[in-house]
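Dear colleague,

I am passing on to you the structure that we spoke about, and below it you will find an account of what was found in it. Please look through the sequence and the model before you read on.

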Amino acid sequence: MLADKIQEVFNEPGCGVNQAKTTKERKKGCSKPLKPGAAAGGCAYDGAMIALQPIADVAHLVHGPIACLGNSWDNRGTRSSGSQLYRTGFTTDLSELDIVHGGEKKLYKAIKEIVQQHNPPAVFVYQTCVPAMIGDDIEAVCKYAAKKLGVPVIPVNAPGFVGSKNLGNKLAGETLLDHVIGTREPEVSTPNDVCIIGEYNLAGELWLAKPLMDEIGIRIQSCISGDGRYNEIAAAHRARVTMVVCSQALINVGRKMEERWGIPYFEGSFYGVTDMSDTLRTMATMLVQRGADPAMLNRAEAVIAREEAAVSKRLERYKPRFTGKRVLLFTGGVKSWSMVTALEEAGLTIVGSSTKKSTKEDKEKLKKRKGEEFHMWDDLKPKEMYRMLRDSEADIMLSGGRSQFISLKAKVPWLDVNQERHHAYAGYDGIVNLCEEIDKTLSNPIWRQVRLPAPWE
Amino acid sequence: MTHIHRFPASSKAASTNPLKMSAPLGGALAFLGMDRSLPLFHGSQGCTAFGMVLLVRHFREAIPLQTTAMNQVSTILGGYENLEEALKTIYERNKPSLIGVCTTGVTETKGEDLEGHLKTFRMRNPDLNDLNLVFVSTPDFNGGFEDGYAAVVQGIVESFAEPAEQRVKGQVNILAGCHLTPGDVEEIRDIVEGFGLTPIIVPDLSLSMSGRQPTEFTATSLGGTTVDQVRSMGASEVTLVLGEQMRRAAAALELKTDVPSLFFDRLTGLEASDRFVKALAEISGRPVPARLRRQRESLVDGMLDGHFFLTRKKMVVALEPDHLFTVTSYLQDLGVDVVAAVAPQQAAVLEKVKAGTVMVGDHSDVEAMAKGCDLIVSNSHGRMGAAHAGVPLYRMGLPMFDRLGSGLVVTVGYRGSRDLLFALANIFLAAETDHDSHHGNQSHEHGHDGCCGGSGHGGGREGGSCGCTGA
């Protein structure tokens, strides 16, 4: 069953990469075989957890031995405007004895305890490698528990060894499609309702876009999954338009919502001025096409014009400071395109970008805009990255936490633009935040000092 | 303590806000104390990714850690090929001086034959004979962080230590448990070297995890004990065993080398430090250096100055077993009332721990028992429970991702003991002295996340639970 699901998400027709493949290639799926001894990154369980854990009022229970949750909980900066239950780490912490006897009874007991103590609107149960190997049927346990306890208990069947983090994202999306979306009717429904998919509200980023949407009259009916609430997501099928933010990860959800409930989707981004304006414009246009008041378009244009003017004024002060400064962008590729646009708007020069997780179209876009000389790396080795930075081929590196020490050990300024960061970079305000952070880092007096040799050398 | 409530039966099925970390992760940390080594997890890649992120956040260092990247098929059919490929790839790319293999829940559930794997690898790859390998079984579902760490130290010693014909005068072995930070290890080396002794410390995290600035980027650890040093442990005069968890590694070393062991269950506190220093004086035949004598005086003075603020304070401590024993024992030395001691997993040392309640539990248990207490001592994961209970949290142990310098905190020896005493006492001193200024308004509101947790408190003893140290 899980194998069918995996095959299905690999066959995603909404995915541009997939469309370009032959039938035979498509069957092989998109996960590249991982090289033992040289693989990095998370597993499918990791991906599933990342995609769903931001649903704030749900209890997230990890069925497995301690490593899966014990080493990983409380490590993402996704924020909630209310319930904090999502931050609580629940695990069955399977012991040797459980593995001999099977963990199903313990799992049921754990679900029951959580429901009794915390009374959540739903419990999400994550399958991991070990119980999958011994044959614990979490789907059956969840079904039984839901019936017994009168609360939705959702099985998330994405044990680590089935594949990469990206596959886990997709399986999480499938879980929502199979068990959650469409199971409830919303209390309120308006022609201005949108559902956002693949926005995790890291460092509260969603909240930088939301006030503008409020002003235009666009109502976020649900966000999958940043600052999400179970009941809102269960009613996401009544949204009028969906926006797919992280298209690589959750396009399957957008496409299937269109297929099942006729909700059109578009791929958008909240990063960078141009992308942000495009997103607001597209959203309003699509809502109007589906019956929202056409005045929404004017409101959108007014907000865009005002914000663009304001942001361009606010970015002015950075331009002289940024002139001649070169940035090495290493985001894993997902945000590369929109980040490039954003940074150039502030006067920075991008010397190269990783494109490991970028789509073919993203790469084409980059090439077209940046010319053939622009560096794009599918897989830049840390050693080479270190050399580039040490030899001052860039003035600052923007990346995720994983590569921060490559930059810092080379004594080159570094800024976190990934999941663990504490600053919000989305929307118009976000781009100013980003520039402010870059400026603060670049102009810090430590850089001159730390590069000095000891006086006796 | 008239009555100690030991191991109250917990029938919970769901561990909530776990204190426990996995055994392979502890194993990886031990390998990181070996020079130019690369730990490898035999499991699916998530096992490695999570462990790596945790250590990166704690130490704020690049953490070399690799994976055999087991997939569904290799998990069912057996992972020897993945293991072999990983070892060869790592050897080619990184040329480490040691690869340390830890198993995970995935490969242990399958029941992979690790010893057999090692033999097969050696047989099939004679050209890699010079590659040092240590294979250690560390199932995720058995024991925890400390157990994995201890098993790897034992594995390192068993793999490399050799008996020697002759003793080297002044050479001593030190087996350092995971309750010691890299900063602690550095302090211990300083103390030992102060007696003119030459220590071989296994593992030595102070050389690899205390903020290195490499001239070239390498994907291995940046320092630590060399394999050759471990080989020469048989020539030492004595082995200093630091922590109950090191007993088995010590026994293994003694069995192989006949070097006698001296055991120290903790190095924090006046009497504990005295025992250590006295032993070093005897081994070296030298007088105690003036520096240590001054430090001892300073600790005694600090105890006199600081005891006012710690007497009868109610605390709950939740740490890895040996660390738990060290800290609770020291707190009792200082007159603190340790209401509860919580360990993430069972361990022999827990029999020696004295507290109102001694139990194996998680942060939700800590939260429940800390109600009405003055302080919680635990890792950064304790912050949510502390906020809920309205009790301030003093961070110790691992992971400590929301403070800088967590790897360099020193709490051993006279100096470290004094600094820990001051840090704890200052929380209460600050609460007393700062109370009037920032609690002038009776209808105060506390909204700081993770600081006070919004608990109401008026004065007197309760004032101590504010924890808004203002520092």
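**A buried ring and its partner**

At a relative accessibility of 6%, B:F264 counts as buried, and please keep in mind throughout that this is a predicted model. The ring partner of this residue, B:F276, is buried as well, with a relative accessible area of 3%. The structure holds 8 aromatic pairs over all chains, and one of them is formed by B:F264 and B:F276, whose ring centres lie 5.1 Å apart with 90° between the planes, an edge-to-face arrangement. This pair links distant parts of the chain, since B:F264 belongs to strand β10 (residues 261-264) of chain B and B:F276 to helix α11 (residues 270-284) of chain B, with the two positions 12 residues apart.

The rings of B:F308 and B:F309 can be set beside that pair: their centres are 6.2 Å apart and their planes meet at 70°, which is over the 60 degrees that the term requires, so this pair too is edge-to-face. B:F308 counts as exposed, at 56% relative accessibility, whereas B:F309 is buried, with a relative accessible area of 16%.

**Other rings, and charges over them**

Which residues form one aromatic cluster? They are A:Y45, A:Y126 and B:F50. Within chain B, there are also rings with a charged end over them: that of B:K313 sits over the ring of B:F428, at 5.0 Å from its centre, and that of B:K352 sits over the ring of B:F325, at 4.6 Å from its centre.

**Chain B as a whole**

Chain B contains 17 helices and 15 strands. Its radius of gyration is 23 Å, close to the 23 Å that the globule rule gives for 471 residues, and chain B is therefore as compact as a globular protein of that length. Along the principal axes, the C-alpha trace of chain B spans about 75 × 60 × 45 Å, and 62% of its 471 residues count as buried. If one takes the contacts in chain B with a separation of 6 or more, 72% of them are between residues 24 or more positions apart. The accessible surface of chain B is about 17,600 Å², and carbon and sulfur atoms contribute 50% of that area.

One part of chain B that you may wish to find in the model is an open sheet of 4 strands, in the order β4-β3-β5-β6, with parallel pairing. Why is one side of β4 (66-67) and of β6 (133-136) of chain B left without a neighbour in the sheet? Both strands stand at the edges and each has a single partner strand, so there is no neighbour on one side of each. Strand β3 (residues 37-42) of chain B and strand β5 (residues 98-103) of chain B pair in the parallel sense over 6 bridges, and within this pairing B:L40 stands opposite B:V101 in β5(B).

**Chain A as a whole**

For chain A, the secondary structure comes to 22 helices and 13 strands. The radius of gyration of chain A is 23 Å, close to the 23 Å given by the globule rule for 457 residues, so chain A is as compact as a globular protein of that length. Its C-alpha atoms fill a box of roughly 65 × 65 × 50 Å along the principal axes, and buried residues make up 58% of the 457 residues. Among the contacts in chain A with a separation of 6 or more, 71% are accounted for by residues 24 or more positions apart. The accessible surface of chain A comes to about 18,600 Å², with 50% of it belonging to carbon and sulfur atoms.

**A strand with neighbours in chain A**

In a regular strand, side chains alternate between the two faces of the sheet. In strand β7 (residues 241-244) of chain A, A:V241 and A:M243 point one way while A:T242 and A:V244 point the other way, and all are buried. Strand β5 (residues 193-199) of chain A pairs with β7(A) in the parallel sense over 4 bridges, and the bridge partner of A:V194 in β7(A) is A:V241. β7(A) is also joined by 3 bridges to strand β8 (residues 265-267) of chain A, with the two running parallel, and here A:T242 stands opposite A:Y265 in β8(A).

With kind regards

Key
Residues are numbered from 1 along each chain as its sequence is written. Chains are lettered from A and ligands numbered from 1 in the order in which they are written. This is a predicted model: local features need pLDDT of at least 70, side-chain atom pairs count only at pLDDT 80 or more; totals for chains, interfaces and linings use all residues. Side-chain values use heavy atoms; hydrogens and water are left out. Rings of Phe, Tyr and Trp (its six-membered ring) pair if their centres lie within 6.5 Å; planes under 30 degrees apart count as stacked, over 60 as edge-to-face and the rest as tilted. Buried means under 20% relative accessible area, exposed over 50%, partly exposed in between (1.4 Å probe, protein chains only). A charge sits over a ring if NZ of Lys or CZ of Arg is within 6 Å of the ring centre and within 35 degrees of the ring normal. The radius of gyration is taken over C-alpha atoms; the globule rule is 2.2 Å times the number of residues to the power 0.38. Contact means heavy atoms within 4.5 Å. Accessible areas come from the Shrake-Rupley method with a 1.4 Å probe; for residues, only the protein chains shown count as cover. Two strands pair if DSSP finds at least two bridges between them.
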